[in-house]
Amino acid sequence: MKVFQDRSIQQKLTLITIVTSGLALLLASVAVASYDIISFRRQMTDDLQTLAKGVALNSTAALSFDLPQSGREILRSSLQVQPRIAAGAIFDGAGGVFADYTRTERAGPGLELRGEGSYFDDDYLHVYQQVEEDQKRLGTVYIRSDLTAVSERLNRFALIVAAVIAVSLGVALLVGRRLQSVITHPISQLVALESTVRDRKDYSVRAVKHGNDELGVLIDGFNEMLGEIQARDVELTVAKEIAEEASRTKSGFLATMSHELRTPLNAILGYSEMLIEDLEGRDQHDVVADLRRIHGAGSHLLALINDILDLSKIEAAKLELHLERCAVSTVIDEVATVAHPLVRQNGNTLEVACADNLGVLVTDVMRLRQILFNLVSNAAKFTERGTIGLRAFREGAGIAESVVFEVRDTGIGMTPEQLANLFQPFYQADSLTSRKYGGTGLGLAITRRLARILGGDVTADSVQHGGSTFTVRLPAAVPGAAAVHEV
């Protein structure tokens, strides 16, 4: 059945036509042959009984006057003209053989009186006819005929049936193929059109309708579907162009605004630092505390502007990489030095572990520092009086060699639902966490996208109230051109 299902529709229709026609012809031939053989056997029985009656009528005198030789002459003259007669006999009234006749080449079993009437066995037709005179039974005539005529008739009929079936199947195959084209041709055209649409993505083509049958309805539905896809494709193209234009406008706006915002912010930060230094020397601590708040808010706003600008560049695939060789241990030490004050704010301890075989890494050093610092600062923010671990090691060999960075904390951890959305831009766990820990939800999103631009990735593993582990895997050498565009 599986082999049949995998064949083409034309082959299926051809097989169905052949099998159906063949079975119908075979059943009809069997029915006709059965009827013919039954009729032929009945005719044989009637003919042999007529012959037996004639012999019985002619042998009355021979039995009456006990003339066996006359009986044998009657049998010989009556039976030898029938080539199918194998043997015959005239039995007297006591059941003994009065006269007999046998055809040597097909005599068969011995002659004996078994009953009356007629019957068939495997090889012969047996007929018994009583010999009577004045309603007195004188004896019985027995005639035995072989059934070779039946076998010959069956063989001829089988040859005729085989020839008729062969010719009929050939005609059915030829006519069926011509008629099948009415069904298979539209389907073949539909399949070819589907392949064209799939390969060329051309939704403007249409299938030709050949009728209003089920195939016509299918073709109408296919054409309608193509029309809807074509309309949506046009809409998507227009929407894409609008989105790209909006993205370019947004990128230009962010670049302009970042410059316009950074200039006064840098001035605010600079003047606030100068005022803090000046007023600290005059012991005006109340004013200094307010200035520190202004400086902190400005620093936070500047960091937010930088994150938004980085995300915009990444989404627009315009972030440029500056690849260089660097010692991995040196980068780890620099990140640890910068992150130490931040880690200590919540009473945490930073533990750094570097493998001996770290060696060098070809990457954008500034972006690598940004990735690691984002992860360490994120761990420090959600951990109080705990441990922040920063570990680095190499794994793999050859072109598959990579450097792995792990940042592990003992902080609040995350639920599976929070972990699933962790790297989405502007995602924050919940309002309570947002109010308590702050943040914009951009740091981890930027971190993952930067890692992917560098040819690697960032993954996270966490248990609620059991801490989190962030793993960064970067190739030992970034593919230069491809990495600039892969996000």
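## Notebook: Phe 470, its partner and the charged pairs

I began with Phe 470, which counts as buried at 2% relative accessibility. I note here that the model is a predicted one.

**Aromatic pairs**

I looked up how many aromatic pairs the structure holds, and found two. For the pair of Phe 423 and Phe 470, I read ring centres 6.4 Å apart and planes at 90°, so I entered it as edge-to-face. The cut-off for that label is an angle over 60 degrees. I then checked where the two rings sit. Phe 470 belongs to strand E12 (residues 468-475), while Phe 423 is in the loop between helix H10 (416-420) and helix H11 (431-437), so the contact ties together parts 47 residues apart in sequence. Is Phe 423 buried or exposed? I have Phe 423 at 11% relative accessibility, so it is entered as buried.

**Charges over rings**

I next asked which residue lies over the face of Phe 423. It is Arg 448, at 3.8 Å from the ring centre. I found another such contact at Tyr 124: the charged end of Arg 144 sits over that ring, 5.6 Å from its centre.

**Helix H12**

I went through helix H12 (residues 443-453) for buried positions. My list reads Leu 444, Ala 445, Ile 446, Thr 447, Leu 450, Ala 451 and Ile 453. After H12 comes Gly 455, and I noted its positive phi, near 90°.

**Salt bridges**

I counted salt bridges and got twelve. One of them joins Arg 369 to Glu 334, with 2.6 Å between the closest N and O atoms. Arg 369 is in helix H9 (residues 365-381) and Glu 334 is in helix H8 (residues 328-344), so this bridge ties together parts 35 residues apart in sequence. I looked up the accessibility of both ends. Arg 369 is partly exposed at 33% relative accessibility, and Glu 334 is partly exposed at 31%.

I then took the bridge between Arg 452 and Asp 457, where the closest N and O atoms are 3.1 Å apart. Arg 452 has 32% relative accessibility and counts as partly exposed. Asp 457, at 26%, is also entered as partly exposed.

For Arg 408 and Glu 406 I read 3.6 Å between the closest N and O atoms. How do the two ends stand in accessibility? Arg 408 is partly exposed, with a relative accessible area of 45%, whereas Glu 406 counts as buried at 14% relative accessibility. The limit I applied to Glu 406 is under 20% for buried.

I also asked which residues are linked with Arg 198 in a network of salt bridges. They are Glu 194 and Asp 199.

**Nonpolar surface patch**

Last, I looked for nonpolar side chains on the surface. I found a patch formed by Val 167, Val 171, Leu 174 and Val 175, with about 370 Å² of accessible area together. I followed up Val 167, which has its place in helix H5 (residues 148-200). At 55% relative accessibility, Val 167 counts as exposed, because the limit for that class is over 50%.

**Entry to keep**

I keep Phe 423 as a point to return to: its ring pairs edge-to-face with Phe 470, and Arg 448 lies over its face.

Key. Residues are numbered from 1 along each chain as its sequence is written. This is a predicted model: local features need pLDDT of at least 70, side-chain atom pairs count only at pLDDT 80 or more; totals for chains, interfaces and linings use all residues. Side-chain values use heavy atoms; hydrogens and water are left out. A salt bridge is a side-chain nitrogen of Lys or Arg within 4 Å of a carboxyl oxygen of Asp or Glu. Helices (H or I, at least four residues) and strands (E, at least two) are DSSP runs, numbered from the N terminus. Buried means under 20% relative accessible area, exposed over 50%, partly exposed in between (1.4 Å probe, protein chains only). Patches are made of residues with over 30% relative accessible area and no salt bridge: like charges are joined within 9 Å, nonpolar side chains (Val, Leu, Ile, Met, Phe, Trp, Tyr) within 5 Å. Accessible areas come from the Shrake-Rupley method with a 1.4 Å probe; for residues, only the protein chains shown count as cover. Rings of Phe, Tyr and Trp (its six-membered ring) pair if their centres lie within 6.5 Å; planes under 30 degrees apart count as stacked, over 60 as edge-to-face and the rest as tilted. A charge sits over a ring if NZ of Lys or CZ of Arg is within 6 Å of the ring centre and within 35 degrees of the ring normal.
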